[in-house]
Amino acid sequence: MASHTVLLLLSFQLITRSLSQPQSNRDLPALIKIREQFGNPAALSGWQAGGTACALPAFCNEQGRVTEIFLRSLDITSTLPPAIGELDQLETLSIENMPGLHGPIPDSFGNLAHLSIFNLMVTSVSGPIPPSLSRTNLTSVSFLRSKLNGTIPRSLRRLPYLTFFDAAHNDLEGPIPPLLVRGGSPDRPLGLMLDGNRLSGTVPWTYALERHWMEFTVANNKLTGDASFLFGRHKTVSGAIDLSGNKFRFNLTGVEMPQQLLFLNLSHNRIYGGVPVSLRESKVAVLDLSFNQLCGEIPTGGHMVQFKAAAYEHNKCLCGTPLPPCANGS
């Protein structure tokens, strides 16, 4: 009986010890696959049999599980490894400045239930954004300057904590999905950057409900309609609003500028009315209202003195400082 008790105690100690020790090799087979699918680059030589999964450029948690991978400026010519989808504790995947990287985003990335930050910037990755990403835990996405095409999946609205989405300078088309980013707060303002694509349609009204923005930039697309609901004195925009190079049409006269807004570009649209008086009290430092259908006298005073004539050129009938005086002194 005593020997049986001793065996039970030894078994318990072994199990406890194994659970408490780092599981540093659990993700190693997946990393070896990733290295092979990348074409065995020297920069990933640490991911090899007999090594540890926590070799750079991977980072692990206290349990020895891979939670972060950072790849930057590696001379790799290959597709994205589907084996990345096997790293079931991965929280951050950041791939930057790797133009030799091509092909699609693997659908297996949807298996990364803990993935919160996904950066894929300055690559040649093409194809659609996989709807399977809606199964992750994404809060921040940047696909800046890649070659993604197709539409932005509406399924991404299922991501409850996505507050930052940057897909600027790709080849995306179709509408902007409603609720793509939401839930902004003073500590975590929203960012939506979709410049330089082929998006069409109107800006969904759901974005009117959000008060806290860092940036809303959709320049150089094919967007139409009224986007004046993005403005308002009650809103906080700490960075930029850029609607330039579209076909927006709305009356600018009574628009109230967010108090913290620093950059405003509405050029090359079909915006009409007059220059809003609210600009005088705003913090806007960079302004471009050129190439629209604005008319009337430009307000003076306040911060208006800093804006040059180029900010107002090629409108219907704007006048007054810094443009030529209005007719009859009016």
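A residue is called buried here when its relative accessible area is under 20%, and exposed when that area is over 50%. With that cut-off in hand, the tour can begin; the model on screen is a predicted one.

**The whole chain**

Show the complete protein chain as a cartoon, where 2 helices and 20 strands can be picked out. Its C-alpha atoms fill a box of roughly 110 × 45 × 30 Å along the principal axes, and the radius of gyration is 26 Å, whereas a compact globule of 330 residues would have one near 20 Å. Colouring by accessibility would show that 48% of the 330 residues count as buried, while a surface representation corresponds to about 15400 Å² of exposed area, 55% of which is supplied by carbon and sulfur atoms. If the charged groups are displayed, the mean positions of the 26 positive and 24 negative charges turn out to be 5 Å apart.

**Helix α2 and what follows it**

Select residues 28–37, which make up helix α2, and display the side chains of its buried residues Leu28, Ala30, Leu31, Ile32, Ile34 and Arg35. The buried residues of α2 pack against β2, at 66–72. Just after the helix, stop at glycine 39, whose phi is positive at about 95 degrees. Moving on into the loop between α2 and β1 (58–60), you reach proline 57, which is joined to leucine 56 by a cis peptide bond with omega of about 10 degrees.

**Aromatic pairs**

Next, show the aromatic side chains, among which there are 7 aromatic pairs. Phenylalanine 118 and phenylalanine 143 form one that is edge-to-face, with 5.5 Å from centre to centre and 85 degrees between the planes. Because phenylalanine 118 lies in strand β5 (residues 117–127) and phenylalanine 143 in the loop between β6 (140–142) and β7 (147–150), this pair ties together parts that are 25 residues apart in sequence. Are these two rings buried or exposed? Both phenylalanine 118 and phenylalanine 143 are buried. Now centre on tryptophan 213 and phenylalanine 216, another edge-to-face pair, at 5.3 Å centre to centre and 85 degrees between the planes. Tryptophan 213 is buried at a relative accessible area of 3%, and phenylalanine 216 is buried at 2%. Widen the selection to Phe109, Phe118, Phe143 and Phe165, which ring pairs link into a cluster.

**Backbone stops in two loops**

Return to the loop between β6 and β7 and select arginine 145, a residue other than glycine with a positive phi, near 55 degrees. Arginine 145 is partly exposed, with a relative accessible area of 46%. Histidine 169, in the loop between β8 (164–166) and β9 (171–174), also has a positive phi, near 60 degrees, and at 32% relative accessibility histidine 169 counts as partly exposed.

**Leucine 261 and the end of the chain**

Go to the loop between β15 (247–248) and β16 (263–265), where leucine 261 is placed. Which residues does leucine 261 touch, leaving aside those up to four places away in sequence? They are Val237, Gly239, Ala240, Ile241, Lys283 and Val284. Leucine 261 is buried, with a relative accessible area of 0%. A distance label from its C-alpha atom to that of arginine 65, which is 196 residues away along the chain, should read 42 Å. Finish in the segment after β20 (317–319) at proline 322, where a cis peptide bond with omega of about 5 degrees joins threonine 321 and proline 322.

How values were computed:
Residues are numbered from 1 along each chain as its sequence is written. This is a predicted model: local features need pLDDT of at least 70, side-chain atom pairs count only at pLDDT 80 or more; totals for chains, interfaces and linings use all residues. Side-chain values use heavy atoms; hydrogens and water are left out. Rings of Phe, Tyr and Trp (its six-membered ring) pair if their centres lie within 6.5 Å; planes under 30 degrees apart count as stacked, over 60 as edge-to-face and the rest as tilted. Helices (H or I, at least four residues) and strands (E, at least two) are DSSP runs, numbered from the N terminus. Buried means under 20% relative accessible area, exposed over 50%, partly exposed in between (1.4 Å probe, protein chains only). The radius of gyration is taken over C-alpha atoms; the globule rule is 2.2 Å times the number of residues to the power 0.38. Accessible areas come from the Shrake-Rupley method with a 1.4 Å probe; for residues, only the protein chains shown count as cover. Lys and Arg count as positive and Asp and Glu as negative; His and the chain ends are not counted. The place of a charge is taken as NZ of Lys, CZ of Arg, CG of Asp or CD of Glu. Contact means heavy atoms within 4.5 Å.
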